[in-house]
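Trainee: Please take a close look at the packing of the fourth helix in each chain, and go through what surrounds it. Which helices does it meet, and which residues do the work?

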Amino acid sequence: MNQDIITSTLSGALRAGTPLLFATLGEILAERAGVLNLGLEGMMLMGAFTGFSVSYITGNLWLAVAAATLVGGLMASLHAFMSITLRVNQVVSGLALVFLGEGLSGFWGHGFVGMQAESFSSIKIPFLGDIPYVGQIVFDRDILVYMGYIAVPVIWWFLYKTTAGMNLRAVGESPEAADARGINVVLTRYIYTVIGGFFSGLAGAYISLAYTPMWVQNMTAGRGWIAVALVIFAIWDPVLALIGAYAFGGISVLQFSFQIIQVPIPVNIMNMFPYLFTIFVMLFASSNKMKKRFGAPSALGVPYSREEKT
Amino acid sequence: MKIHFEKREKKPSTLLIFLASLLSILIAIVFLGFIILSLGDNPLTAYWQLVSWGLGTVPGFIQSLVSMMPLLFTSLGVLIAFKMKLWNIGAEGQFQMGAFAATWGALYLFPHLGNPWLFIPLLMILGMAAGALWGFLPGVMRAYLGVNEILSTLMLNYVAIYWVNYLTYGPWKGAHSYNFPVTAEFPSAAIFPQYGTGGLNLGIFISIAVAFFVFYLVKYTKLGFNLGIAGDNLRVGEYAGINVKRMIVLVMVIGGAISGLGGMAEMSGVLFRLQPNFSPGYGYTAVIIAWLARLDPIATVIVSFFFGVLLVGSQQLQLFMQIPSSLVNAFNGILLFSLLASEILLHYRVRWVRL
């Protein structure tokens, strides 16, 4: 009996962690380029709504995922325009994005509540899926979970081993120097903010098409905000993002396992854990010693203009 | 083609700022119209429904005032921190903690206190203390450990919400609640004086009084004067001899106490019992209200009332036109964007430059 619970908890952690992972990876790219986008929650909600509704209408899952991704990017481009071109306060613009996503998805999604749509199911990978214990947990999941596995090394390689990745980091660390080297700061920031939005849209689609295949208003339930905190937890590193996302996924499914084995902790107290844990992590990651070693991109949240050197 | 920004020499006049705000609202209304059209509804009928009840009838007007109260408290709570460029978005959690503490006092600490002259002030203090604690924690973490206050206040919001859920589903569930997650009703001595049957209560007047208190605090005290200096530049603030760290904590505590008082007022004045989801996100809407009011406490009263009208109107929309009330959130988002853009136009001359 305990065996089953451990297996279901761990596989649940991967499933619950996948949307967090996507959103966190996207935000890492945007923040590495120097743009702080707090609007993940809004973009994820629009992704979840778009994914579900397109799947419901067309029955085509991949079209649904593509549409959700695109909508995430579209919303991010609004934030990009506000924060990069108009240079408004990025915190407030991100908040506005959350409101917009909550409002539009709730408004347009009203008619989709209680409907059923095509959703992703597990695909067992040959050979790997037969490994005792591990195979069942890691290699018998749906295809989007696998995409998460692949995205992490790809982004890591891109960030640290390619010229484009180096340019991206340069823009976030020192836009003046990057500009002097002939890198187009504005364009770079636009690109990665929008890519970040793609990831958030995908994260939302995962929630409404695989994790809990349905549409409910505000169904992301604060995961977008957890992803923002995870970026700090991961000190802007994709590999740590993977660990953090799955760990947080684990905490959020632990409550169900605890209920089964009757650990006497009320669900609502369990629900606090991810948030308390995030605060705890921030306490640790924000200490000056840690900041010096693994700080945020220096130009994070600071608009860039050639004329105005501040 | 390239967009070029030139900083304007003069600070924009109050009239110009007012016009820009008005224009932002107008733009948001136009965009919202298209969104309403997308579901096949007539935007003009919807707008009429949205405002006619709250502004055109006496019961609607009182309802709007009742809706204004929690918004005003929480807006004032975030406003002081915003002046210092502290991004306190924890009003929601502080509001919930205030409601929790008031309920605790009313039902468990001194339920048999018969004297309202003692009971109500005690509950107010409890509510403020709980809200202040929920501001103190992120304040200290920000001031002394450098923890980003946006995230910490947000996380604490969720903790507070789940705390209220835990109590109302669990140990505090009322004996006569038919298994619904609500607490027992407040004893009558713990309830604010009510004027008439429409919901008009003392809490509304307290919220307006708090607005004047904040106005005084910001305009006429040393703290208020220092807020602006420290907000513009933390380092300059330190040179000017301001203990910035202590001030961060103080500002967060005051803001938290005001939002906590709001939670208490919502309990003692309007709901009389704690239940989950008793706040439809007042603390988040507060962020927009504070911005729309350009961080002016008196303007905040007017803007809060305007949002109270919208809130009441959106319930009318859902009731009579089956238009989901989340429309108001979409409006808030668009409004915030147009507001931000207008801010830039106020402070910069924007030119298209041919390259």
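Mentor: I will start with the contact between the chains, then go through the helix packing in chain A and end in chain B.

The model is predicted, so local features are taken at a pLDDT of at least 70 and side-chain atom pairs at 80 or more, while totals for chains, interfaces and linings use all residues. Residues are numbered from 1 along each chain as its sequence is written, with chains lettered from A and ligands numbered from 1 in the order in which they are written.

The contact between the chains takes 42 residues from chain A and 38 from chain B, two residues being in contact if their C-beta atoms, placed from the backbone, lie within 7 Å. On chain A, α3 (61-85), α4 (90-109), α10 (223-233), α12 (267-285) and α13 (288-293) each supply at least two residues of the side that touches chain B. Helices here are DSSP runs of H or I with at least four residues, numbered from the N terminus. With 13 residues, α4(A) gives the largest share of that side. The residues on the side of chain A that touches chain B are 24 nonpolar, 15 polar and three charged. Nonpolar means Ala, Val, Leu, Ile, Met, Phe, Trp, Tyr, Cys and Pro; charged means Asp, Glu, Lys and Arg; the others, Gly among them, are polar.

Within chain A, α4(A) packs on α2 (residues 40-58) at an angle of about 20°, with the axes 7 Å apart. Axes are lines fitted to C-alpha atoms, for helices over the stretch in contact, and angles run from 0 to 180 degrees between N-to-C directions. The two helices α2(A) and α4(A) are therefore roughly parallel, a label for angles under 35 degrees, with over 145 as roughly antiparallel, 65 to 115 as roughly perpendicular and the rest as oblique. The crossing of α2(A) past α4(A) is left-handed; that is, the near helix is turned anticlockwise from the far one by less than a right angle, clockwise being right-handed. From α2(A) the contact uses Glu41(A), Gly42(A), Met43(A), Leu45(A), Met46(A), Ala48(A) and Phe49(A). From α4(A), the partners include Leu97(A), Phe99(A), Glu102(A), Leu104(A) and Trp108(A). By class, the contact of α2(A) with α4(A) has eleven nonpolar, four polar and two charged residues.

Helix α2(A) also packs on α3(A), at an angle of about 150° with axes 8 Å apart. The pair α2(A) and α3(A) is therefore roughly antiparallel. Here α2(A) passes α3(A) in a right-handed crossing. Among the residues of α2(A) in this contact are Gly42(A), Met43(A), Met46(A), Gly47(A), Gly51(A) and Thr58(A), and they face residues of α3(A) including Leu61(A), Ala64(A), Ala68(A), Val71(A) and Gly72(A). The contact of α2(A) with α3(A) has twelve nonpolar, seven polar and no charged residues.

In chain B, the approach to the fourth helix runs through a loop. Lys85(B) is in the loop between α3 (58-83) and α4 (91-109) of chain B. Its phi is positive, about 60°, although Lys85(B) is not a glycine. Most residues other than glycine have a negative phi. Lys85(B) counts as partly exposed because 15 C-beta neighbours lie inside 10 Å; 20 or more other C-beta atoms, placed from the backbone, make a residue buried, 12 or fewer exposed, and in between partly exposed.

Gly93(B) sits in α4 of chain B and is buried, with 31 other C-beta atoms within 10 Å. Beyond its neighbours within four places in sequence, Gly93(B) is in contact with Trp134(B), Thr153(B), Leu156(B), Asn157(B), Val159(B) and Ala160(B). Ser259(B) is 166 residues away from Gly93(B) along the chain, and their C-alpha atoms are 8.7 Å apart.

Helix α4(B) meets α5 (residues 116-145) of chain B, with axes that come within 7 Å and cross at roughly 145°. This crossing of α4(B) past α5(B) is right-handed. Gly93(B) belongs to the contact, as do Met97(B), Phe100(B), Ala101(B) and Trp104(B) of α4(B). On the side of α5(B), the residues include Leu122(B), Leu126(B), Ala130(B), Trp134(B) and Gly135(B). The contact of α4(B) with α5(B) divides into twelve nonpolar, seven polar and no charged residues.
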